[in-house]
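Please find below a few numbered remarks for a colleague who is opening this entry for the first time. They are meant to be read with the sequence and the structure side by side.

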Amino acid sequence: MKKQVLAFGLGIGFALMGSTAEAVQPAPIDGNAKVQWSKVISDPFDGVVVYDKNFSPSDHGFVFVTSWSKGSIRATYTWYESDLVGYKTVWRTRWVEKKGKKVEESYSQQEPIYHYTRFDETPKAILFAVNGQLYTYEDGAVEPELATALASAPPGNMRIRLVWENGKTKDIEVGKGTVEAWKVVFREKT
């Protein structure tokens, strides 16, 4: 009886593990990677690929990095949060006038000390609106319909929608150079 219950419990556990929702895979590079951004390259692992980076020093300093190939679209959204952990005293100098002469004096000043935490997240899905049609990408090879749509996307930056596991969304732009590179990456072979 114990073996049957254990087998049943393991079977349920494996079934639940197998039923997890597919999701976009993390990008194989990060925002500091030494790659050619928005240029078509040949990668030994991903084949013909283009990398894109969108970043902002505000909004928690996010960096959104993507890799686009027929084999997969991979994306990582990175942001930083800071916590004030204390202050330190720093010594500075300045020029002041004393008795008609300029003299350099030292003074102390308090500077905040921050602890930064990095967070990386991959979306559950990426939504595209191309030429009046809506497309969804979640995992694996890019479907032929989406590949054709991306190859024929109008020139310029393209806004995409990231869908997170909790259902929240974030709209973000893909640069016009990357959109132009899709014409090569996703074109049909003739």
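1. Pro26 has a relative accessible area of 39%, and because values between 20% and 50% count as partly exposed, Pro26 falls in that class, being partly exposed. In this predicted model, Pro26 sits in the loop that runs between α1 (2-18) and β1 (41-43).

2. As for the surroundings of Pro26, once its neighbours within four places in sequence are left aside, Pro26 is in contact with Arg74, Ala75, Thr76 and Thr122. Pro26 and Thr66, which are separated by 40 residues in sequence, lie 8.3 Å apart in space when taken from C-alpha to C-alpha.

3. On the surface, Tyr80, Leu84, Tyr87, Tyr114 and Tyr116 together make a nonpolar patch of about 570 Å². Two strands, β4 (73-98) and β5 (101-121), each supply at least two residues of this patch, and the largest share, 3 residues, comes from β4.

4. One of the patch residues, Tyr114, belongs to strand β5, and with a relative accessible area of 42% Tyr114 is partly exposed.

5. Some care is needed with the confidence of the prediction, which averages a pLDDT of 87 over the protein, with 87% of the residues scoring at least 70. Over residues 1-20, however, pLDDT stays under 50, and for this stretch the model has 0 contacts beyond four places in sequence.

How values were computed:
Residues are numbered from 1 along each chain as its sequence is written. This is a predicted model: local features need pLDDT of at least 70, side-chain atom pairs count only at pLDDT 80 or more; totals for chains, interfaces and linings use all residues. Side-chain values use heavy atoms; hydrogens and water are left out. Patches are made of residues with over 30% relative accessible area and no salt bridge: like charges are joined within 9 Å, nonpolar side chains (Val, Leu, Ile, Met, Phe, Trp, Tyr) within 5 Å. Accessible areas come from the Shrake-Rupley method with a 1.4 Å probe; for residues, only the protein chains shown count as cover. A salt bridge is a side-chain nitrogen of Lys or Arg within 4 Å of a carboxyl oxygen of Asp or Glu. Helices (H or I, at least four residues) and strands (E, at least two) are DSSP runs, numbered from the N terminus. Buried means under 20% relative accessible area, exposed over 50%, partly exposed in between (1.4 Å probe, protein chains only). Contact means heavy atoms within 4.5 Å. pLDDT is the predictor's confidence in each residue, from 0 to 100.
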